[in-house]
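Q: I am new to this structure and would like a close look at a single part of it. Please begin with one paired element, and then set beside it whatever else can be said with care.

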Amino acid sequence: MKRYSVFAVAREGARHHTGWERAWRSPEPKKSYDVIIVGAGGHGLATAYYLGKNFGITNVAVIEKGWLGGGNTGRNTTIIRSNYLQDSSAAIYEKARDLYETLSQDLNYNVMFSPRGLIMLAQTHHEVRGYQRTAHANALQGVKTEFISREKVKELVPIINIDGPRYPVLGGLWQRRGGTARHDAVAWGYARACSDMGMDIIQKCEVTGVRRIAGRVVGVETTKGSIDCNKLGIVVAGHSGVLADMAGFRLPIESAALQALVSEPIKPCMDVVVMANTVHGYMSQSDKGEMVIGGGTDSFNNYTQRGSFHHIEETVRALVETFPMVSRLKMLRQWGGIVDMTGDRSPIISKTPLENCFINCGWGTGGFKAIPGSGWAMAELMAKGYSPLAAEFSVDRFKEGRFIDESVAAGVAH
């Protein structure tokens, strides 16, 4: 494929942009592949990319029942951070954050990574102690964070009200290299790189069954016919339980909608990401000027991708005290994504009871920030049978009691 550069832009501009080619191919599926990845979201595409880049495995099909990046990858709030307490969590998220730093150069595609910095507000004394503990743990893990004063928070975020009547700001956990990226561009960049390596990205192709012989995966049934494979990777977020049932095993996950919204565009007023976990709301400003706002998952299991009025009220009401300006904004659009939640709110990257079948799921509300690290670990697990990054995230931990309870550690599941 053509390499993108300033010279390519100038050349195409001179000939009225008639020479651009498609970013990735859309072939019909072959009869057989070495590896099939189900799910053409960020995690699935990253898995395919690192299978090719790190291990030379390129006879790969990435199958998507809808359109590329049309699930949670295109429906999140773009936050990237790695300031987790547990060692295994910090390791995989920091790997992802580190890969994000050079992802645009690696993929030759601008993913618009913006390390603008991220603050997790401490609005209770319990949170102060918790974030100070996390800062110490991060120092041991090699993750650069620091606990900052309320005055520093106000300096970084002038629009914030640090003297709220219920939850005044007492400080914050500051990760200077946290930030955001363009969610669609991450999927598009990985897809273009995978296609360039000769992999097939097959859209509008729903998996309807998993074929097994003697406890081993041999292929999948799809709406475009049967496709054989030697190895199968299931990376379908909120629909993981559905695919696992087809493969003959159960997962300790539940699915729920996570909603978000954006305001009308306004002038630049906040150049960092702010998470307020006590009131359970988070906010950043996009490059277009919209305030990107999110909160917690719906309190009931569901598969909807629509928004609801009660979520707008709950999330915005929580943020108005800390950001009074939010009350004067008009909502531009709202959406939902189906997230897959484990009991300990940490992911599963694991072999399964079905031989040569691997699964990557359970990222809950924090999947986007992990895409490069998740793909790196999943590719290593599928290629070699073991990955140090993925070792602690085996599905066996639930029957062995080795929980990675990040929701308790962070006070929030994001």
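A: In this predicted model, strand 9 (residues 207-213) and strand 10 (residues 216-222) run antiparallel and are joined by six bridges. Within this pair, V210 has V220 of strand 10 standing opposite. The two strands make a hairpin with two residues between them, and in its turn A214 has a positive phi of about 55°. A positive phi also occurs elsewhere in the chain, since G56, just after helix 2, takes a value of about 70°.

Helix 2 (residues 42-55) can be followed in the same careful way. Its 14 residues should span 20 Å at 1.5 Å a residue, and the end C-alpha atoms lie 19 Å apart, which agrees with that expectation. Because 11 of the 14 residues are buried, that is, under 20% relative accessible area, helix 2 is largely enclosed by the rest of the structure. The buried residues of helix 2 include G42, H43 and G44 at one end of the list, as well as L45, A46, T47 and A48, and also Y49, Y50, L51 and G52. For residues 35-79, an unreviewed UniProt entry lists "domain: Rhodanese". In the model, the span 35-79 is 31% helix and 20% strand, and its end C-alpha atoms lie 30 Å apart.

Helix 7 (183-196) invites the same two checks. With 14 residues at 1.5 Å each, helix 7 should span 20 Å, and its end C-alpha atoms are in fact 20 Å apart, which agrees. Of these 14 residues, 12 are buried, so helix 7 too is largely enclosed by the rest of the structure. Among the buried residues of helix 7 are H183, D184, Y190, R192 and C194.

Helix 7 also leads to a pocket. The second largest pocket holds about 460 Å³ of space. It is lined by 22 residues, and the closest of these to its centre are T78, R182, H183, S286 and K288. Helix 7, strand 14 (281-285) and strand 16 (331-342) are the elements that each give two or more residues to this lining. Sorted by class, the lining of the second largest pocket has five nonpolar, nine polar and eight charged residues.

Strand 14 brings in a further residue, Y282, which lies in that strand. Y282 has a relative accessible area of 5%, and it counts as buried because that figure falls below the 20% limit. Although Y282 and V316 are 34 residues apart along the chain, their C-alpha atoms are separated by 9.7 Å.

Two loop residues complete the picture. Q123 sits in the loop between strand 4 (118-122) and helix 5, and at 3% relative accessibility it counts as buried. From C-alpha to C-alpha, Q123 and G172 are 8.3 Å apart in space, while 49 residues separate them in sequence. On the other side of helix 5 (125-141), V143 has its place in the loop that leads to strand 5 (146-148), and V143 is likewise buried at 3% relative accessibility. The C-alpha atoms of V143 and V326, which are 183 residues apart along the chain, are separated by 32 Å.

Notes
Residues numbered from 1 in each chain as written. Predicted model: local features only at pLDDT ≥ 70, side-chain atom pairs only at ≥ 80, totals over all residues. Heavy atoms only, no water. UniProt positions renumbered as here; feature names shortened; annotations may be inferred. Helix = DSSP H or I, 4+ residues; strand = E, 2+ residues; numbered from the N terminus. Pairing = 2+ DSSP bridges. 1 Å grid on protein atoms, 1.4 Å probe; cavity = no way out; pocket = protein on both sides within 12 Å on 5 of 7 lines; lining within 4 Å. Points joined across faces, edges and corners; volume = space filled by probe spheres on them. Nonpolar A, V, L, I, M, F, W, Y, C, P; charged D, E, K, R; others polar. Expected span 1.5 Å × (residues − 1). Buried < 20%, exposed > 50% of the residue type's maximum accessible area, 1.4 Å probe, protein only.
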